[in-house]
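Let's go through this one together, asking at each step what a label rests on.

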Amino acid sequence: MMRQTWLALVLWMGLGGALARAQESSLPTPEAPAGEAPRDPDDADTARDEDAELESLLQESVVSTAARSAQRSSDAPATSYTISARELEMFGIRTVDEALSYLGVGFYITRPRDYETGIDVGVSGLLQRDGGRHILVMVDGHIMNSQDTGTVSPHEGLGVPLEAIDYVEVMLGAGSVAYGSNAMVAVINVVTRHASRGTQIHGVAELGLASPSGYDGQPGGGLPQERVGLRYRLGVGLSTAFRLFGSPADLTVRGEWVEDINNSYGITPTAQDDFSLRPGETAWGGTATHTMTAPAAIARLRVGDFQLRVLANQYTRGIPLSGAFVDPWSRELRESLRGELRHDASLSPEVSLGTRFYADYTRFSERTSYRLDYWCVPGQVDGCNFELGSAGRSAGLEQVLRVDWTLDGRFASTLGYDVRGRDMTARPADYYDVITGEPSLVQATPYVHRVTVLGAVFAQQIVRPIDWLTLNLGARLDVDSSFGARVSPRAAAVLTPLDHTSIRASYAEAFRTPTSYELGQYDPTYQISALSLRPEVVRTVELEWQQGIDWVTFSLRGFASFYEDFIASREATEAEHAAAVARGEVSPTSMAEFFVRNDNLASLRTFGGTASVSMRPTPGLTLAGSFMLADTRAGDDRIPIMPLWSGNARIAYELSPNGASFALAAIFAGSRIAYSSFSLVRQVELGEQLDLRLTFTSPLDFVPGLHVRASVSYSLNGRLPYLINGPIDAYPDAPPLYTPVTSPLFGFVGLRYDLPL
Amino acid sequence: MTSRSDLTRTALLAASLGLVGCGLERPPDPPPFDCAQIDRAEERFPDLCGPDAGPVDAGLDDVTVTDDAGVIDDGGRATEDAP
């Protein structure tokens, strides 16, 4: 493995040298405008300014994620849309997941904040307890999914200061043809701002309060030791444009600190003996609290055609409802440091070459505390503090060559490759005695180290043989030491028979690599490692109609998706257990029947559709919304958590462009099958959901550059579809105990200051 | 004057070296099993250190994972879905 790693490094050095030589001979022309020589879609740059002008002319979004080149959203080979920074501000959005929930199409997102995941992202009918593994999230084209676990958290843990975001672009559907693993149901690209001219400093300060809630999930309740929640966000930034070494240059730096000392919320106490109780406790539950802290920073330096980007963040949240109730040991921690060196060259009017060298470090750990000895390793009779964690390191090189043969987008080719090395070290099951703090005295603590290598080539051809027909054909071959090889094809045809009318039909396949963590994780008390897994695969067909009529635009989209080889847990066989014993993972005297392992098990299928509409009947007034109806089944069974129907709606009025605004946004969803990790719990359904958010924004004219934003939110159903406890055969009348919405009623007010120097 | 080629190579090297040394450490193996060195050993390891225990031969081979351990559905504990 070491030899492979060094070989990969040497290869990168050689490629880097060759690349540099090519750059020296290339023409130092700036990016070509959209619609002419294609450019790197991952780059905000001046492209966004051009896009804004183009969008106003076209009266529709210009997108670039689906085809890796700029085009009208109605021409894209997949459903695509953007959410602007102005919309984030106007609707009181605080995180990317809130933007997708309140302003997006096709998303249904919940924040269980439990032990398994802090956030579950459902897209186009698929929602799994997967830590975001089935979506691909990027920041300026840089993949944010952890390379060792595949997970991504598009909330405060994403690590992008809110004011750094210029816009969020979303592509629905299978996107592996362009980006490889994880792009199974959606690709989300967060594009950050840059300095365009002069120097500015930025500051933001927000303060929020949240009402305590009771056992019923509603505000108030009068529980003992209740508290009002306090959340604050502080951000600073600098953006400056200048000349360096005779080339135009700009520097953008932004940092943010978010801390949430959450309001108290009630959990109905239960005296069942299978909950972890500390000495002196007679019941599990009561008044819960937790905290969350999320500092993040992003920096970008551009000199001529070169760009250097660095992102760093840390995210910590308490996990009060797993193991012992509100135990200070229980928490989730995510940290990352990411860097990227990029070069964009226009080799001729027709040809451009984009090169990215990227490197990531991510670290993850989760803790919980058990007071029942059967959750712990032998000898820990008083209980244990448990921790799992991993650290991933990766580096890679990607080059993309774009050729617009006719300079009008009628015949455009894209070719590229991506090579990546990944290294994971993991400690998937550390058990410490709750009294002494000692690790296991009899069992070696699990440790996993894996090095994997990925190589991919991809190609795409856009052909517009006649004015009203655009064809997009592409494929990507991924060769990965984690599983072998996988080809991801896509074919799309877009008909534009009339102005502002677009009909798209497409077929695409996508996959998700089994991650090093899924392959290697084991636990001496219940799990053996899988060692070998196939990639998860989805095949999707879509048909979409987009129409613009005067001040109304709408989209209707239907889709069918077929998922295979989803990775899940199953009971281990005796032979597999014996092999694990031979590897030293588990005790030879342990019993095979109590062990599980990961395997490719589940097949799902989804039939569904989305509808979205946007109306601007008078200047300043916007009405918009989206609706999704999607039925996902494993066999005949509907999957839990995901509602059959969901959507959002909003209305906003701006008194003047970029002036004061009032906005009301809503999320709604149908009833949902509640999820329980305990399979004996009977199936129950949680009722409908309605969340409302009212926001006011305005510049404060007495201080140029100063803006105020105030918002209040309310969740009518204060419960989430995750069961802490529920009816079982022995207790059929036990009421379901749902995970609560931790802050059903909250508000905040903030000031933003942009000071030109 | 430093060429772009040199700059690129330096950046590649710096980024690669930056990845070294950030992994999780391998945990140490348990110490030799000795009932006399373990607090409340008789209570915590009755099979090994209790009155009916046979000769102590340390470690893994003599330890039985309890029948209750390893329940698949653990009521809130991470199982297959934990990252």
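Q: What makes A:Phe107, A:Ile109, A:Asn648 and A:Ile667 contacts of A:Ser101?
A: Two residues are in contact if their C-beta atoms, placed from the backbone, lie within 7 Å. Leaving aside neighbours within four places in sequence, A:Ser101 is in contact with these four residues: A:Phe107, A:Ile109, A:Asn648 and A:Ile667. Bear in mind that this is a predicted model, where local features need pLDDT of at least 70, side-chain atom pairs count only at pLDDT 80 or more, and totals for chains, interfaces and linings use all residues. Residues are numbered from 1 along each chain as its sequence is written, while chains are lettered from A and ligands numbered from 1 in the order in which they are written.

Q: Why is A:Ser101 called buried?
A: A residue is buried if 20 or more other C-beta atoms lie within 10 Å of its own, exposed if 12 or fewer, and partly exposed in between. A:Ser101 has 23 C-beta neighbours inside 10 Å, so it counts as buried.

Q: Where is A:Ser101 found, and why is that element described as largely enclosed?
A: A:Ser101 is found in helix 4 of chain A, residues 96-103; helices (H or I, at least four residues) and strands (E, at least two) are DSSP runs, numbered from the N terminus. Eight of the eight residues of helix 4 are buried, so the rest of the structure largely encloses this helix. Among them are A:Val96, A:Ala99 and A:Leu103.

Q: What makes a set of residues a nonpolar core, and which have the most contacts inside the largest one?
A: A nonpolar core is a set of buried Ala, Val, Leu, Ile, Met, Phe, Trp, Tyr and Cys residues joined through C-beta atoms within 7 Å. The largest has 103 residues, and those with the most contacts inside it are A:Ala99, A:Ile135, A:Val168, A:Ala186, A:Ile188 and A:Val190. Strand 8 (residues 165-172) of chain A gives the most to this core, with six residues. A:Val168 is in contact with A:Ala99, A:Ile188 and A:Val190, among others.

Q: Why is chain A called as compact as a globular protein of its length?
A: The globule rule is 2.2 Å times the number of residues to the power 0.38, and the radius of gyration is taken over C-alpha atoms. For 757 residues the rule gives 27 Å; chain A has 26 Å, close to that value, so the description fits.

Q: How do you know how confident the predictor is?
A: pLDDT is the predictor's confidence in each residue, from 0 to 100. Chain A has a mean of 91, and 92% of its residues reach 70 or more, but pLDDT stays under 50 over residues 1-47.
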